[in-house]
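Here are my notes for someone opening this one for the first time. Have the sequence and the 3D view side by side as you go through the points.

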Amino acid sequence: MLQIASRALLLPLLLIVTILTQGQSLKTKQEKGYFNITTPAELQVMWSIDSAMLNEGNARFKAGFEMQTINGYFVNPQFSVGLGVGLQFSHYKYYPSAAVTDDTLHAHGARVTSLPIFADFRYYPRNSINGTMFLVNAGYAPALQTSNKEHKPFFNGGPFLKLGAAYKFYISDLLSLVPSINFKAQRYGDHTVAGGTLGLGLMF
């Protein structure tokens, strides 16, 4: 009777160990080797720390958005490094001085298009198929063009830093959803903007 009882207890125990072992192997599938995170749209609510001084007036930055892709590598299941590139559209409001008579300049719909290139560092506290990650992005974003060509020398790009947190939602072995919320500070020439960003990425 004792042998039957011990076998009855041993069988569920072996089953649990098997499930946990299989679960652990599933957990680490996306935390090895190469990966890609592509963010089709990241909303950026960033404001000027102070007014950007232009030749004939000043400007203050408003909300914008960015698309980006990151190619990275897991150094270990809890830490990854990568290289990212994006396309950023930053909007600003132009306040011309009273002496400006050029009505071709965009006052409300002005935009700076830049090319962020950055290093991506991520820390994963738990090695699991669903879990939090903390990220640091540091790089440089040269300006490609401005709506008002006269303003490009003043917004000729600069360094930026982004600190954030994201959550990985497992969809399949090949795909996860990665929403993120971040703080970002960026330079446009001699001008500094800062604020928050909200992104929705896909991890392959």
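1. Start with β4, which pairs with β6 in the antiparallel sense over 7 bridges. If you want a spot to look at, L83 has A119 as its bridge partner in β6. Keep in mind that this is a predicted model.

2. β4 has other pairings too. With β5 it makes 5 bridges, again in the antiparallel sense, and F89 stands opposite T113 of β5. With β3 the count is 17 bridges, also antiparallel, and Q68 finds its bridge partner in β4 at G86. A hairpin takes the chain from β3 to β4 through 2 residues.

3. Now the end of the chain. Strand β10 (residues 175–188) and β11 run antiparallel and share 13 bridges; A185, for instance, has A194 as its bridge partner in β11. These two strands form a hairpin with 2 residues between them, and G189 in that turn has a positive phi of about 65°.

4. What does β11 do with the strand β1? Strand β1 (residues 33–48) is joined to strand β11 (residues 191–203) by 10 bridges, and the two run antiparallel. Look for S48, whose bridge partner in β11 is V193.

5. Stepping back for the overall picture: the protein has 1 helix and 11 strands. Along the sequence, the order is α-β-β-β-β-β-β-β-β-β-β-β. Of its 204 residues, 38% count as buried. Take the contacts between residues at least 6 apart in sequence: 65% of them join residues at least 24 apart.

6. Which residues touch the most other members of the largest nonpolar core? They are A59, F61, Y92, V112, F155 and Y188, out of 14 residues in that core. The elements giving two or more residues to it are β2 (52–54), β3 (57–76), β4 (79–96) and β5 (110–114). There is also a second, separate core of 9 residues, with F35, I37, Y124 and V178 among them.

7. F155 is a good residue to click on. Setting aside neighbours within four places in sequence, F155 is in contact with A52, L54, A59, F61, Y92, V112, A143, Y188 and G189. Ring pairs also link F155 with F61, Y92 and Y188 into a cluster.

8. On aromatic pairs more broadly, a search of the whole structure turns up 9. One of them is F118 with F160, an edge-to-face pair at 6.0 Å centre to centre with 65° between the planes. This pair links distant parts of the chain, with F118 in strand β6 (residues 117–123) and F160 in strand β9 (residues 158–172), 42 residues apart. Are these two buried or exposed? F118 is buried because its relative accessible area is 3%, and F160 is buried as well, at 7%. F160 has another partner worth a look: K184 lies over the face of its ring, 4.8 Å from the ring centre.

9. Next, H151, in the loop between β8 (143–146) and β9. Despite the loop position, H151 counts as buried, since its relative accessible area is 4% and the cut-off is under 20%. The side chains of H151 and Y92 are joined by a polar contact of 2.7 Å. Leaving out neighbours within four places in sequence, the contacts of H151 are L54, Y92, Y94 and T146. Y92 and L54 are also among the contacts of F155.

10. Last, P125, another loop residue, placed between β6 and β7 (131–141). P125 is partly exposed, with a relative accessible area of 33%. Not counting residues up to four places away in sequence, P125 touches Q78, T132, M133 and F134. P77 makes a useful reference point here: P125 and P77 are 48 residues apart in sequence, and their C-alpha atoms are 9.3 Å apart in space.

Methods: Residues numbered from 1 in each chain as written. Predicted model: local features only at pLDDT ≥ 70, side-chain atom pairs only at ≥ 80, totals over all residues. Heavy atoms only, no water. Phe/Tyr/Trp six-rings, centres within 6.5 Å; stacked < 30°, edge-to-face > 60°. Helix = DSSP H or I, 4+ residues; strand = E, 2+ residues; numbered from the N terminus. Buried < 20%, exposed > 50% of the residue type's maximum accessible area, 1.4 Å probe, protein only. Lys NZ or Arg CZ within 6 Å of the ring centre and 35° of its normal. Core = buried A, V, L, I, M, F, W, Y, C linked by side-chain atoms within 4.5 Å. Contact = heavy atoms within 4.5 Å. Pairing = 2+ DSSP bridges. Polar contact = N/O pair within 3.5 Å; in protein donor to acceptor, adjacent residues only side chain to side chain.
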